[in-house]
Amino acid sequence: MNDLEDEEEDNKRENKNQISGDEELEPQAGTMAASAAATDGVAAAALRSVVQRVQQAADRAGRAPDRIRIVAVSKTKPVSLIRQVYEAGHRFFGENYVQEIVEKAPQLPEDIEWHFIGNLQSNKVKPLLAGVPNLAMVESVDDKKIADRLDRMVGTMGRKPLKVLVQVNTSGEESKSGVEPSGCVELVKHVSQECPNLEFCGLMTIGMLDYTSTPENFKTLANCRSEVCRSIGIPEEQCELSMGMSGDFELAVEMGSNNVRIGSTIFGPREYLKKN
Ligand SMILES: *Cc1c(COP(=O)(O)O)cnc(C)c1O
């Protein structure tokens with residue numbers, strides 16, 4: 001946000017400089033504007049390349065590409081860059097911090113389908129739902145408490161049922177995010193039977209703690225789906241798998257992913273400490 005404002009300030013200054021004919025500050029300001037424009041073009045091109053790679057992976061696996069959604073993960077990236085990807089025709093975007101999504105969403109078109117993919121705390125449920133009317137899905141429900149909180153708040157606010165995924169810890173490592181595979185049936189049952197304002201849509205995994213994944217992680221998630229579908233009596237097509245990120249989305253698609261979450265391959269590497 002602040003970077004964007006700074007950039008706009010620079011552009012204003014640049015224009016003033018042009019009018020006054022002051023050449024002194026010109027090159028630096030001009031370079032910044034030009035490099036931002038180039039980055040924007042790169043993001044749109046990167047999106048197209050990801051779409052193509054997803055299609056090719058789907059072809060290899062004999063799967064229908066329209067069963068695979070690409071969520072462009074825009075965390076830490078400015079609204080201007082998100083808009084470029086939007087203007088390239090993309091509508092699915094993901095964020096993992098409540099504070100960030102509630103700041104960005106109102107500045108962007110309402111037909112974006114936002115996916116919340118981060119760790120969600122109970123006290124952030126209300127600001128999330130209130131701040132993002134076009135929130136399409138919460139992918140990261142990992143315990144009963146957060147499911148109940150979401151369910152109650154959706155009901156209180158009179159929103160239509162909210163699509164959710166249950167996040168599964170497939171790494172076998174100690175981790176705060178994601179239910180253990182052995183607990184996933186119980187949590188899914190809770191969501192689908194006790195939470196009338198939530199629509200259970202499937203399972204999500206990040207993979208390993210370092211945000212990479214292995215074929216075993218994908219297999220574990222697929223096994224969870226089989227168990228879940230058997231136990232609540234739904235066909236597997238009604239239970240999405242959200243798996244695959246920049247480094248491994250093609251493999252994830254070949255292994256049955258319905259929802260890949262792609263950040264750095266579309267938007268470029270994240271720069272958490274850009275400010276200051
Ligand atoms: C950041 C993030 C991603 C995207 O990661 P990349 O490797 O940049 O594609 C996907 N899923 C979750 C939950 C994330 O937090």
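Buried residues account for 38% of the 276 residues in the chain of this predicted model. The secondary structure consists of ten helices and eight strands. Of the contacts between residues at least 6 apart in sequence, 58% connect residues at least 24 apart. The chain has a mean pLDDT of 88, with 84% of its residues at 70 or more. Residues 1-34 form a stretch in which the pLDDT is below 50, and this stretch has 24 contacts in the model beyond near neighbours in sequence. Where pLDDT is low, the predicted coordinates should not be read in detail.

Strand 1, comprising residues 69-73, is mostly covered, with four of its five residues buried. This strand is paired in the parallel sense with two others. Its pairing with strand 8 (residues 259-262) extends over four bridges, and here Ala72 stands opposite Ile262. Its pairing with strand 2 (residues 92-95) is likewise parallel and involves two bridges; in this case Ala72 is placed opposite Phe93. Ala72 thus has a partner in strand 8 and another in strand 2.

The connection from strand 1 to strand 2 includes helix 3, and the three elements make a right-handed β-α-β unit. Helix 3 spans residues 79-87, and its buried residues are Leu81, Ile82, Gln84, Val85 and Tyr86. An α-helix has 3.6 residues a turn, so residues three or four places apart point the same way. The buried set in helix 3 includes Leu81 and Val85, as well as Ile82 and Tyr86. After the helix comes Gly89, which has a positive phi near 110°.

The parallel arrangement continues from strand 2 to strand 3 (residues 113-116), the two being joined by four bridges. Within this pair, Glu95 lies opposite Phe116 of strand 3. Helix 4 (residues 98-104) forms a right-handed β-α-β unit together with strand 2 and strand 3. Strand 3 in turn pairs with strand 4 (residues 135-141), again in the parallel sense, through three bridges. The bridge partner of Phe116 in strand 4 is Val138, while Glu95 stands opposite Phe116 on the strand 2 side. A further right-handed β-α-β unit is made by strand 3, helix 5 (residues 125-131) and strand 4.

The surroundings of the ligand were examined next. The shell comprises 14 residues, of which Met245, Ser246, Arg261, Gly263 and Ser264 come nearest. By class, six of the shell residues are nonpolar, six are polar and two are charged. Strand 8 and helix 10 (264-267) each contribute at least two residues to this shell. Strand 8 therefore has two roles in the description of the model, as it supplies residues around the ligand and also pairs with strand 1.

Glu194 belongs to helix 7, which covers residues 184-194. This residue is classed as exposed because 12 other C-beta atoms lie within 10 Å, and a residue counts as exposed at 12 or fewer. Glu194 and Asp151 are 43 residues apart along the chain, and their C-alpha atoms are separated by 9.0 Å.

Methods: Residues numbered from 1 in each chain as written. Predicted model: local features only at pLDDT ≥ 70, side-chain atom pairs only at ≥ 80, totals over all residues. Buried ≥ 20, exposed ≤ 12 C-beta atoms within 10 Å, placed from the backbone. pLDDT = per-residue confidence, 0-100. Contact = placed C-beta atoms within 7 Å. Pairing = 2+ DSSP bridges. Right-handed = clockwise from strand over helix to strand, strands pointing away. Near = placed C-beta within 6 Å. Nonpolar A, V, L, I, M, F, W, Y, C, P; charged D, E, K, R; others polar.
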